[in-house]
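Subject: Structure for your review

Hello,

Here is the structure I said I would pass on. My notes on it follow below; please look at the structure alongside them.

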Amino acid sequence: ADTVVDGTVTGVRTALEQQAGRDIPFTYVTIDVIDTLKGTPGKTIELRIMGGTVGDLTMEIPGVPKFKVGEHDLFFINGNGSTFCPLVAVPHGYYPISKRQSDGAEVVLRSNGAPLETPAQVAEGLHGVPPGERGKAAAARAMTLADFKKQIRAEVAHEKGQ
């Protein structure tokens, strides 16, 4: 990733773009940056993601997430504006943040709703998650946002030191 941010989705819009003589829908996701872990994105960043709905034209790309205003996520971004989806390895490029019911801590989920229990799971495949494992139920086992960000910062510092 060339940019890693903790942020809140503040806008989602779609528009058509001409590509190879065809109208292609793109979704633009505006993120208010809470914390920058890598890169220099500024206070907001707008992701350009191929797909979406404009009028009666819909294009869906399997694995590409759909975002909603108000969501809090961690984003791993690479090649924004020059790739079909700037999220690293598409569904591996964002992690929803949830509140743990037991203590109110912010915890990290994988894009499929499963808890992120260790940083090593980032490289694992995303498989179907049983309904009881999604969202807040899974948050009990998830690592905290603070711990995950600490691991990311250590990795970024290690990359810079090489």
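Strand 1 (residues 3-19) and strand 2 (residues 22-38) run antiparallel and are joined by 15 bridges. This is a predicted model, so please read what follows as a description of predicted coordinates. Two of the pairings between these strands may help you find the register: L16 has P25 of strand 2 as its bridge partner, and G11 stands opposite T30 in strand 2. The two strands form a hairpin with two residues between them. In that turn, A20 has a positive phi of about 50°.

Strand 2 also pairs on to strand 3, again antiparallel, through seven bridges. Here T30 stands opposite E46 of strand 3. T30 therefore has G11 opposite it as well as E46 in strand 3. The hairpin of strand 2 and strand 3 has five residues between the strands, and G39 in it takes a positive phi near 90°.

Strand 1 has a further partner in strand 6: the pair is antiparallel and has six bridges. V4 stands opposite F76 in strand 6.

Taken as a whole, the sheet is open and has six strands in the order 3-2-1-6-7-8, with antiparallel pairing. Strand 3 (44-50) and strand 8 (106-108) are at the edges; each has a single partner strand, so one side of each has no neighbour in the sheet. From one strand to the next, the twist averages 35°.

Next, the helix on the sheet. Helix 2 (residues 145-161) lies across strand 1, strand 2, strand 6 (72-77), strand 7 (94-99) and strand 8, and runs at about 95° to strand 2. Helix 2 has 17 residues and spans 24 Å from its first C-alpha to its last, close to the 24 Å expected at 1.5 Å a residue.

Which residues of helix 2 are buried? They are L145, F148, K149, I152 and V156. These residues cover an arc of only 95° around the axis, which puts them on the same side of helix 2. The general background is that an α-helix has 3.6 residues a turn, so residues three or four places apart point the same way. The buried residues of helix 2 pack against strand 1, strand 2, strand 6, strand 7 and strand 8. On the other side of helix 2, A146, K150 and G161 are exposed. Note that a lysine appears in both lists: K149 is buried, whereas K150 is exposed.

One loop residue is also worth listing. E60 is in the loop between strand 5 (57-59) and strand 6. Its relative accessibility is 57%, so E60 counts as exposed, the cut-off being over 50%. E60 and M50 are ten residues apart in sequence, and their C-alpha atoms are 8.4 Å apart in space.

Finally, confidence. The protein chain has a mean pLDDT of 88, and 91% of its residues reach 70 or more. Among the elements of the chain, strand 3 has the highest mean pLDDT (97) and helix 1 (residues 135-138) the lowest (55). Where pLDDT is low, the predicted coordinates should not be read in detail.

Regards

How values were computed:
Residues numbered from 1 in each chain as written. Predicted model: local features only at pLDDT ≥ 70, side-chain atom pairs only at ≥ 80, totals over all residues. Heavy atoms only, no water. Pairing = 2+ DSSP bridges. Helix = DSSP H or I, 4+ residues; strand = E, 2+ residues; numbered from the N terminus. Axes fitted to C-alpha atoms, helices over the stretch in contact; angles between N-to-C directions. Contact = heavy atoms within 4.5 Å. pLDDT = per-residue confidence, 0-100. Expected span 1.5 Å × (residues − 1). Buried < 20%, exposed > 50% of the residue type's maximum accessible area, 1.4 Å probe, protein only. Arc of directions from axis to C-beta.
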